Amino acid sequence: MGKIEDFESSLQVLRGFETDISAEVNEIKRSVASSRRRTTIRFAEIKHKRYSVPLMIGIGLLILQQLSGVNGIFFYAASIFKAAGLKNSNLATCGLGAVQVVATGITTWLTDKAGRRLLLIISATGMTISLLVVSVSFFVKDNIEEASHLHFVMSMLSLAGLVAFVLAFSLGMGAIPWIIMSEILPVNIKSLAGSTATLANWMTSWLITMTASLMLNWSNGG
């Protein structure tokens, strides 16, 4: 957009104030100029290390995002809430979406303050713990009498675990992989490489979504 000073300041903050960014600044300027002259790029160029490494990082993060099972949980949230014993499962699903909106708004504010890496670590850890809580709760609930007090406790614990999972996902794994991908891809391959990474993301999402119902039918806890 022609904001050269703002661009250099942002890059210096991103790389660290002790880093010499002059070489990267010149490279980005050349890439921008090149992209304006040429609108197409050959797929073979992605094989170069300078392009393939950031692309693999971007694809890896986006696949990891979907392997967390988040879309399997969102798409089958009503069934999961029903299995947990909640009567109005559709309302609970709407509530889950509202939680995600609020948590994502907090992430927008936190991302530059806390850093991408820390938020990703916290997010992945929180998601792992919450999913373990949910699975253990369902396993215990399915093996005790429905009339018992422990059955009710396990149902509430599984619901709390689902909310915690969505919160943890929204704090890092939801948005940050997309942010990182946009930051690390060189300008001149961003459209092609970004499309490739997005395809990998949604192909993984498709696999997770197709298998989620089979897994739920096999075992709620599993």
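The second largest pocket is lined by 21 residues, and those nearest its centre are Ile73, Leu131, Met215, Leu216 and Gly222. Two or more residues of this lining come from each of helix 4 (70–75), helix 5 (77–84), helix 7 (116–141) and helix 10 (190–218). Helix 10 gives the most, with 5 residues. The space inside the second largest pocket comes to about 470 Å³.

Before going on, here is some background. This is a predicted model, in which local features need pLDDT of at least 70 and side-chain atom pairs count only at pLDDT 80 or more, while totals for chains, interfaces and linings use all residues. Residues are numbered from 1 along each chain as its sequence is written, and side-chain values use heavy atoms, with hydrogens and water left out.

A few terms help too. On a 1 Å grid over the protein atoms alone, a pocket is an open set of points with protein on both sides within 12 Å along at least five of seven lines, where a 1.4 Å probe fits; lining residues have an atom within 4 Å of a point. A volume is the space filled by probe spheres set on the points, which are joined across faces, edges and corners. Helices are DSSP runs (H or I, at least four residues), numbered from the N terminus.

**How confident is the model?**

The mean pLDDT of the protein chain is 84, and 95% of its residues reach 70 or more; pLDDT is the predictor's confidence in each residue, from 0 to 100. Confidence is highest in helix 1, at a mean of 91, and lowest in helix 5, at 79.

**The largest pocket**

The largest pocket has a volume of about 1,000 Å³. It is lined by 29 residues, and the closest to its centre are Phe7, Leu11, Ile28, Glu183 and Val187. Helix 1 (4–15), helix 2 (22–37) and helix 9 (176–184) each supply at least two residues of this lining, and helix 2 gives the most, with 8 residues.

Where does the largest pocket lie? Domain 1 (1–37) and domain 2 (49–218) both give residues to its lining, so the largest pocket lies between them. The domain bounds come from an automatic or database domain assignment.

What kinds of residues line the two pockets? The lining of the largest pocket holds 13 nonpolar, 5 polar and 11 charged residues. The lining of the second largest pocket has 12 nonpolar, 9 polar and no charged residues. In this count, Ala, Val, Leu, Ile, Met, Phe, Trp, Tyr, Cys and Pro are nonpolar, Asp, Glu, Lys and Arg are charged, and the others, Gly among them, are polar.

**Salt bridges**

How many salt bridges does the structure hold? There are 3 salt bridges, each being a side-chain nitrogen of Lys or Arg within 4 Å of a carboxyl oxygen of Asp or Glu.

| Acidic partner | Basic partner | N to O distance |
|---|---|---|
| Glu8 | Lys29 | 3.5 Å |
| Glu24 | Arg15 | 2.8 Å |
| Glu183 | Arg116 | 2.4 Å |

Let's take the pairs in turn. Glu8 lies in helix 1 and Lys29 in helix 2, so their salt bridge ties together parts that are 21 residues apart in sequence. Glu8 is partly exposed, with a relative accessible area of 30%, and Lys29 is partly exposed at 35%. For these labels, buried means under 20% relative accessible area, exposed over 50%, and partly exposed in between (1.4 Å probe, protein chains only).

In the second pair, Glu24 is partly exposed at 24%, and Arg15 is partly exposed at 35%.

The salt bridge of Glu183 and Arg116 links distant parts of the chain, with Glu183 in helix 9 and Arg116 in helix 7, 67 residues apart. Is Arg116 buried or exposed? Arg116 counts as buried, at 18% relative accessibility, whereas Glu183 is partly exposed at 30%.

**Three residues to find**

Val187 sits in the loop between helix 9 and helix 10 and is partly exposed at 34%. Its C-alpha atom is 9.9 Å from that of Glu27, although the two are 160 residues apart along the chain.

Val13, in helix 1, is exposed, with 54% relative accessibility. The C-alpha atoms of Val13 and Asp112 are 10.0 Å apart, across 99 residues of the chain.

Ser123 is part of helix 7, and Ser123 is buried, at 0% relative accessible area. Between the C-alpha atoms of Ser123 and Leu167, 44 residues apart along the chain, there are 8.4 Å.
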